[in-house]
Amino acid sequence: MTQIVHLSDIHASSAHFLSDVAERVIQSVNEIAPDIVVVTGDLTQNGTYPEFADAKEVIDRIDCENKVIVPGNHDSRNVGYLFFEDFFGARNSCHPLDGVTVVGVDSSQPDIDDGHVGRDLYDWIAKSFETDDFKVFALHHHLIPVPMTGREEQIPVDSGDVLELLGRCCVDLVLCGHRHVPWVWRLNEMFVVNAGTACSNKIKARTTQCYNLIEIDYGDLRIYRVLPGGEQELVIDRVMSP
Ligand SMILES: [Fe+2]
Ligand SMILES: [Fe+2]
């Protein structure tokens, strides 16, 4: 079985980061001891060097060899995407890991909150998914609207084309953040999973800080919503027929 922890929207900053909640998140994730950790962006609030340094410290304290990290719109403010590369490496990356391939892309644009993957990446994405592995696509922006988030906005401007591409590549799972509300859609055979904010005060009514735990077990798929202290709620339990 492969366990993926999916965190999002840390928002390291004096205004929004909750260090006590982050401590609980770090501890509960380390108790899970996942095989892969995916962080879908908004590591910072303003893309500044001190905020990236703080976000790096939080992520470094999570014990996991395999981390896939992509920037969010807040990380690309003030040319912060350069600091992202300094701290976390390439903004687009492919990680084949023991039967699971995770492709992470940068859906942000400098100083614009709208998402955009871009046609230039489509061929590389398709090539990266030429595998029999379980396929995971990670980006910051939500490809499908998320309920209870108010006025809909900032979906990637090319979301229709990206969804078609991912469907054609037989992607199993899409991980995204940005809206700070957890949700799961099933679109054809693909699960599109949104994460809440892990440890910021930027929550919407009736939601709280949380993250996702995904278990992949020979085609079976379980998705849990996890509170910072580690309490788990099973939200998807897909058992493949033999
Ligand atoms: Fe965010
Ligand atoms: Fe965002």
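**Iron site and aromatic cluster**

Phe52 is buried, with a relative accessible area of 0%. The model is predicted. Two topics are covered below: the aromatic ring pairs around Phe52, and the site of an iron ion.

**Aromatic rings**

- A pair of aromatic rings is described by the distance of the centres and the angle of the planes.
- With ring centres within 6.5 Å as the cut-off for a pair, the count comes to nine aromatic pairs.
- In one of them, the ring centres of Phe52 and Phe87 are 6.2 Å apart and the planes meet at 15 degrees, so this pair is stacked.
- Because Phe52 belongs to helix α2 (residues 49-60) and Phe87 to helix α3, the pair ties together parts that are 35 residues apart in sequence.
- Phe87 is buried, with a relative accessible area of 17%.
- A cluster joined by ring pairs is made up of Tyr49, Phe52, Phe83, Phe84, Phe87 and Phe88.

**Iron site**

- The iron ion (ligand 2) has as protein donors Asp42 (OD), Asn73 (OD1), His140 (NE2) and His178 (ND1), at 2.1 to 2.2 Å from the ion.
- Asp42 also bridges to the iron ion (ligand 1), and the two ions lie 3.5 Å apart.
- The angles among the four donor atoms of the iron ion (ligand 2) run from 87 to 161 degrees, and the site is irregular.
- Along the chain, the donors of the iron ion (ligand 2) have the spacing D-x30-N-x66-H-x37-H.
- Distant parts of the chain are linked by Asn73, in the loop between β3 (66-70) and α3 (81-88), and His140, in the loop between β6 (134-138) and α5 (159-168); these two residues are 67 residues apart.
- Both Asn73 and His140 are buried.

Conventions:
Residues are numbered from 1 along each chain as its sequence is written. Chains are lettered from A and ligands numbered from 1 in the order in which they are written. This is a predicted model: local features need pLDDT of at least 70, side-chain atom pairs count only at pLDDT 80 or more; totals for chains, interfaces and linings use all residues. Side-chain values use heavy atoms; hydrogens and water are left out. Donors are N, O and S atoms within 2.8 Å of the metal (3.2 Å for Na, K and Ca); water is not among the atoms, so sites may look incomplete. Four donors count as tetrahedral if all angles lie between 85 and 135 degrees; four count as square planar and six as octahedral if opposite donors are over 155 degrees apart and all others between 65 and 115; anything else is irregular. Helices (H or I, at least four residues) and strands (E, at least two) are DSSP runs, numbered from the N terminus. Buried means under 20% relative accessible area, exposed over 50%, partly exposed in between (1.4 Å probe, protein chains only). Rings of Phe, Tyr and Trp (its six-membered ring) pair if their centres lie within 6.5 Å; planes under 30 degrees apart count as stacked, over 60 as edge-to-face and the rest as tilted.
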